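Biologist: Let's go through this one together. I'll ask the questions and you talk me to the answers.

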Amino acid sequence: MQARENALREQAFIEWSSVVCSERIRQMTLGDMLMLQGLGNPYVVGDAYPEAVDVMQFLWVLSVENKGSQLRKWYQRRKLIQRVAQIKAVDPLAECGTQIDSYMADTFQDAPKGSKSDRRPLGVCFMASMLTRLASALGPHDPATGEVWARSPLARIFQYLKAIRANEAEGEFKDSSPSDKVMSDWLEEINRPAA
């Protein structure tokens, strides 16, 4: 599990795409997240049970084919719908939901866990706090690509934020990864007295 987490961290620094619901999608950026949030997509907003239209919307926003002329986009969007409709599963919607949930878990693996320093002021978009912190520490552009922060993959941004917090903490920083919970649960299990 730790090797997979490390691989995901490394992939955040290269042009990487994943296959989700038979579709090749790119890494989610801050801009993508804001767009999906504005559209009310349940995979980002989390306030409703996702329907087929939400799956299609999520996949299209992140699709590597979502570029070019309007005619090309129209054609590629139709092909996406056809491919997703052909998914062979007992419940294709549930299967897509599971794959999207897994993609989101991978994307947010290193997301801040809500420390006091990561809280945003009331009336401020979630991006404002992140972008202010990144720009103050690293400048107006992603050092890995030179792109503006809104075009950087979230997984990379979360790693930058973690590194900034670690530098600011000067030895007092505590980090945890999903594999740490697995290890902790395992140690607890083997150390539990026999009944």
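Modeller: First, a bit of vocabulary: buried means under 20% relative accessible area, exposed means over 50%, and partly exposed sits in between (1.4 Å probe, protein chains only). What you see is a predicted model: local features need pLDDT of at least 70, side-chain atom pairs count only at pLDDT 80 or more, and totals for chains, interfaces and linings use all residues. Residues are numbered from 1 along each chain as its sequence is written, and side-chain values use heavy atoms, without hydrogens or water.

Biologist: What pattern does the protein follow, read along the sequence?

Modeller: Helices (H or I, at least four residues) and strands (E, at least two) are DSSP runs numbered from the N terminus. There are nine helices and two strands in the protein. Going along the sequence, the order is α-β-β-α-α-α-α-α-α-α-α.

Biologist: Of the contacts in the protein with a separation of 6 or more, what percentage comes from residues 24 or more positions apart?

Modeller: A contact here is heavy atoms within 4.5 Å. For scale, the protein has 195 residues, and 33% of them count as buried. Among contacts with a separation of 6 or more, the share from residues 24 or more positions apart is 64%.

Biologist: How many residues lie between S1 and S2 in their hairpin?

Modeller: Strands pair if DSSP finds at least two bridges between them. S1 and S2 run antiparallel and are joined by four bridges, with Val-20 standing opposite Glu-23 of S2. The number of residues between the two strands of the hairpin is two.

Biologist: Is Cys-21 buried or exposed, and what is its relative accessible area?

Modeller: Cys-21 sits in the loop between S1 and S2. Its phi is positive, about 55 degrees, although it is not a glycine. Most residues other than glycine have a negative phi. Cys-21 counts as buried because its relative accessible area is 1%.

Biologist: And Ser-22, what is its relative accessible area?

Modeller: Ser-22 is in the loop between S1 and S2 too. Here again we have a residue other than glycine with a positive phi, near 70 degrees. Ser-22 is partly exposed, though, because its relative accessible area is 44%.

Biologist: Which side chains along strand S2 point to one face and are buried?

Modeller: S2 covers residues 23-26, and its side chains alternate between two faces. Arg-24 and Arg-26 point to one face and are not buried. The buried ones, on the other face, are Glu-23 and Ile-25.

Biologist: Which residue meets Glu-23 in a salt bridge?

Modeller: Glu-23 is buried, since its relative accessibility is 2%. Leaving aside neighbours within four places in sequence, Glu-23 is in contact with Ser-18, Leu-59, Ser-63, Leu-80, Arg-83 and Val-84. A salt bridge is a side-chain nitrogen of Lys or Arg within 4 Å of a carboxyl oxygen of Asp or Glu. The one on Glu-23 has an N to O distance of 2.5 Å, and its other side chain belongs to Arg-83.

Biologist: How many residues apart in sequence are the parts that this pair ties together?

Modeller: Arg-83 lies in helix H5 and Glu-23 in strand S2. The pair therefore ties together parts whose separation in sequence, in residues, is 60.

Biologist: What is the relative accessibility of Asp-32?

Modeller: The side chain of Asp-32 meets that of Arg-26 in a salt bridge (2.5 Å, N to O). Arg-26 is partly exposed, at 29% relative accessible area. Asp-32 counts as buried because its relative accessibility is 8%.

Biologist: Which residues are joined into one network by salt bridges that share partners?

Modeller: A search of the whole structure turns up nine salt bridges. One of them, Glu-168 with Arg-133, has its closest N and O atoms 2.4 Å apart. That pair links helix H8 to helix H7 across 35 residues. The network joined through shared partners consists of Arg-9, Asp-110 and Lys-162.

Biologist: With which residues is Phe-58 in contact, leaving aside its neighbours within four places in sequence?

Modeller: A nonpolar core is a set of buried Ala, Val, Leu, Ile, Met, Phe, Trp, Tyr and Cys residues joined through side-chain atoms within 4.5 Å. In the largest one, with 33 residues, Phe-58 is among those touching the most other members, along with Met-28, Leu-59, Ile-100 and Tyr-103. Helices including H4 (52-62) and H6 (92-107) each supply at least two residues of this core. Beyond its sequence neighbours within four places, Phe-58 is in contact with Ile-25, Met-28, Leu-36, Asn-41, Tyr-43, Ile-100, Tyr-103 and Met-104.
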